[in-house]
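Q: Could you take a close look at one part of this model, namely its salt bridges and the residues that take part in them?

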Amino acid sequence: MSEMTRVVLDAMGGDNAPQAPVQAAVDAIRARTDIKVILVGQEEVVREELSKYEYPKEQIELVDAPEVIEMAEPPVLAIRRKKQSSIVVGLGLVKNGETDAFVSAGSTGAVLVGGQTIVGKIRGIQRAPLAPLIPTETGVSLLIDCGANVDARAEHLVQFAKMGSIYMKDVVGVKNPRVAIVNIGAEEEKGNALVKATLPLLKECTDINFVGCIESRDIPRGGADVIVCEAFVGNVILKLYEGLSSTLIGVIKQGLMSTLKSKIGAALALPALKKTIKSFDATEYGGAPLLGLNGLVVKTHGSAKAKEITNSIFQCVTFNQENINGKIKENIKDSQEEE
């Protein structure tokens, strides 16, 4: 039997809590025997939701956290004041080494602040980036950073590139992942001050496969495996990506159902369409890990349903089994020794 991965799940976080997190926990342990889920939240509420399911009791544990951090609360104040919230209690379990990972669909700001202040950054890591997998024509790419560091410096982006490369290689299984920096053109003389300062540093890195600049239009085509940028640019790319994807799928479905002929054509094309649509469904890839911390923290969409949260739990198992944090620590240590 594989080593058990212990995942703390925020049962009160997100638009669909506690139903979605509880269902996700049950689905995850029904699918795999190497997972233990610790549900953190208002115990009576969570226990009532759990009572709807049959599941292996030894694989789910409840930890009471009577307070809830709401989406609109200022993150720093919320983390300081609500010590008994599901986010603070859950992150504390990771910090103390009692669990391997924390997953939440709750307040992004609170998870980011709490991850860095409670769990803490790996020694040598200057900034912890948020890094979701995004679907492309050829598979998936890692967008790093998409929301944690809107004023990053060149040396931060270099660390993002290295951590992203490790993640794609060992979690996703991409051999020698191609790393590119987002720019407004492929030419190196283009770009803002941050891109121009980062380019020569990335070119000097011998431990990543840096392929140069990438324009945003080439991201969906699979132009690189690791897409490096600061969080403002990354968040714009991610939100546009998600909005355009869901809009196109909606428009295609509407068009296919508009006439009798199109409905007949849709029926014939349905198997291929389902496969294509599934490949561009963000819920298939789990949440976005906050890389560079002393423990794994994964943020899922606030609107996440059970499927996305379950996939986030599975994501934590791979992360833990592949010892991603150990590899990041070793990479940073080697970089510091070279300097």
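A: What follows is a description of the salt bridges, with one network at its centre. The model is predicted, so local features are given only at pLDDT of at least 70 and side-chain atom pairs only at pLDDT 80 or more, whereas totals for chains, interfaces and linings use all residues. Residues are numbered from 1 along each chain as its sequence is written, and side-chain values use heavy atoms, with hydrogens and water left out.

Across the whole structure, a search finds 16 salt bridges, each being a side-chain nitrogen of Lys or Arg within 4 Å of a carboxyl oxygen of Asp or Glu. In one of them the side chains of Lys327 and Asp170 meet at 3.2 Å, N to O. Because Lys327 lies in helix α11 (residues 324-338) and Asp170 in helix α6 (residues 154-172), this pair ties together parts that are 157 residues apart in sequence; helices here are DSSP runs of H or I with at least four residues, numbered from the N terminus. Asp170 is buried, with a relative accessible area of 14%, while Lys327, at 30%, is partly exposed; buried means under 20% relative accessible area, exposed over 50%, and partly exposed in between, with a 1.4 Å probe and protein chains only.

Lys327 also forms a salt bridge with Glu322, the closest N and O atoms being 3.7 Å apart, and Glu322 is partly exposed at 31% relative accessible area. Through shared partners, salt bridges join Lys169, Asp170, Glu322 and Lys327 into one network.

Methods
Helices (H or I, at least four residues) and strands (E, at least two) are DSSP runs, numbered from the N terminus.
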